[in-house]
Amino acid sequence: MEDPLKAICEDALERKWVWISLVLAVGMAGMLAYYAVASNIHPPSNVETIDSSRLHLTDEFAEDKLGVRSNDDGSLTVTLVAARYGFYPQRIEVPADTRVTFRIASADVLHGVHVPFTNMTTMIVPGYVSEVTTVFPNTGEFSLLCNEYCGLGHDAMWSRLVVVPKTTGEASS
Ligand code: CUA
């Protein structure tokens with residue numbers, strides 16, 4: 001069979017490497033598709049829009065509404081605003097082994113939030129509410145870091161997450 005790449009490339013060795021890279025690329029795309037289906041991986045499905053310039057006027061993201069709130073089922077909701085350069089409120093305290101749902105909105109540009117040594121991480125896109133639910137198994141003090149470059153103060157954009165033992169863990173903000 002005539003090599004279809006012959007039309008664009010004369011050199012046999014070069015064609016061989018083009019084929020190798022094509023096969024690799026198709027193979028990797030196939031693996032990605034396979035694992036996405038097999039492990040039931042989805043992008044974050046919470047699509048909720050919000051006017052980033054009017055967060056202070058909303059019921060949920062006004063300054064006095066931010067922080068930790070208990071729900072009837074025993075879980076917690078943490079409402080945060082990400083803004084250059086911090087996450088507000090700047091210190092939050094949650095009990096370990098408890099379902100915590102973070103709801104975060106950006107007041108300005110794209111930010112990301114990441115808590116090292118936990119699985120808590122998400123992008124915070126202006127105009128959308130980011131929602132992540134997780135459980136912190138370990139107590140201690142963690143940093144809430146911004147992991148999307150957002151300006152000159154990006155490397156100083158962090159807040160504190162304190163995970164306290166569950167028994168004494170009264171929610172507070
Ligand atoms: Cu916010 Cu980087």
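This passage describes a long helix, a nonpolar core and the salt bridges of a predicted model.

Helix α1 covers residues 12–38 and comprises 27 residues. From its first C-alpha to its last, the helix reaches 38 Å, close to the 39 Å expected at 1.5 Å a residue. At the N-terminal end, α1 is capped by Asp 11, a side-chain oxygen of which lies 3.2 Å from the backbone nitrogen of Leu 13. Beyond the helix comes Asn 40, whose phi is positive, near 60°.

A nonpolar patch on the surface is formed by Leu 13, Trp 17, Ile 20, Leu 24 and Met 28, which together have about 540 Å² of accessible area. Of these residues, Trp 17 lies in helix α1. Trp 17 is classed as exposed because its relative accessible area is 51%, and the cut-off for this class is over 50%. In an α-helix, residues three or four places apart point the same way, because there are 3.6 residues a turn.

The largest nonpolar core contains 25 residues, of which Val 94, Phe 102 and Leu 161 touch the most other members. Two or more residues are given to this core by each of the strands β2 (76–83), β4 (91–95), β5 (99–106), β9 (140–145) and β10 (158–164). The contribution of β2, four residues, is the greatest.

Six salt bridges are present in the structure. Side chains of opposite charge can pair when their charged atoms come close. One such pair consists of Arg 15 and Asp 3, at 3.3 Å from N to O. This salt bridge links distant parts of the chain, since Arg 15 belongs to helix α1 and Asp 3 to the segment before α1, 12 residues apart. Arg 15 has a relative accessibility of 9% and therefore counts as buried, whereas Asp 3, at 21%, counts as partly exposed.

A second salt bridge joins Arg 103 and Glu 60, with 2.5 Å between the closest N and O atoms. Arg 103 is located in strand β5 and Glu 60 in the loop between α1 and β1 (67–70), so this pair ties together parts that are 43 residues apart in sequence. Arg 103 counts as buried at 10% relative accessibility, while Glu 60 is partly exposed at 22%. Both residues also belong to a network of salt bridges that links Glu 48, Glu 60, Arg 103 and Glu 131.

A further salt bridge is formed by Glu 93 and Arg 91, whose closest N and O atoms are 3.2 Å apart. Arg 91 is partly exposed, with a relative accessible area of 43%.

How values were computed. Residues are numbered from 1 along each chain as its sequence is written. This is a predicted model: local features need pLDDT of at least 70, side-chain atom pairs count only at pLDDT 80 or more; totals for chains, interfaces and linings use all residues. Side-chain values use heavy atoms; hydrogens and water are left out. The expected span of a helix is 1.5 Å times one less than its number of residues. A polar contact is a pair of N or O atoms within 3.5 Å; within protein, one must be able to donate a hydrogen and the other to accept it, and residues adjacent in sequence count only if both atoms are side-chain atoms. Patches are made of residues with over 30% relative accessible area and no salt bridge: like charges are joined within 9 Å, nonpolar side chains (Val, Leu, Ile, Met, Phe, Trp, Tyr) within 5 Å. Accessible areas come from the Shrake-Rupley method with a 1.4 Å probe; for residues, only the protein chains shown count as cover. A salt bridge is a side-chain nitrogen of Lys or Arg within 4 Å of a carboxyl oxygen of Asp or Glu. Buried means under 20% relative accessible area, exposed over 50%, partly exposed in between (1.4 Å probe, protein chains only). A nonpolar core is a set of buried Ala, Val, Leu, Ile, Met, Phe, Trp, Tyr and Cys residues joined through side-chain atoms within 4.5 Å.
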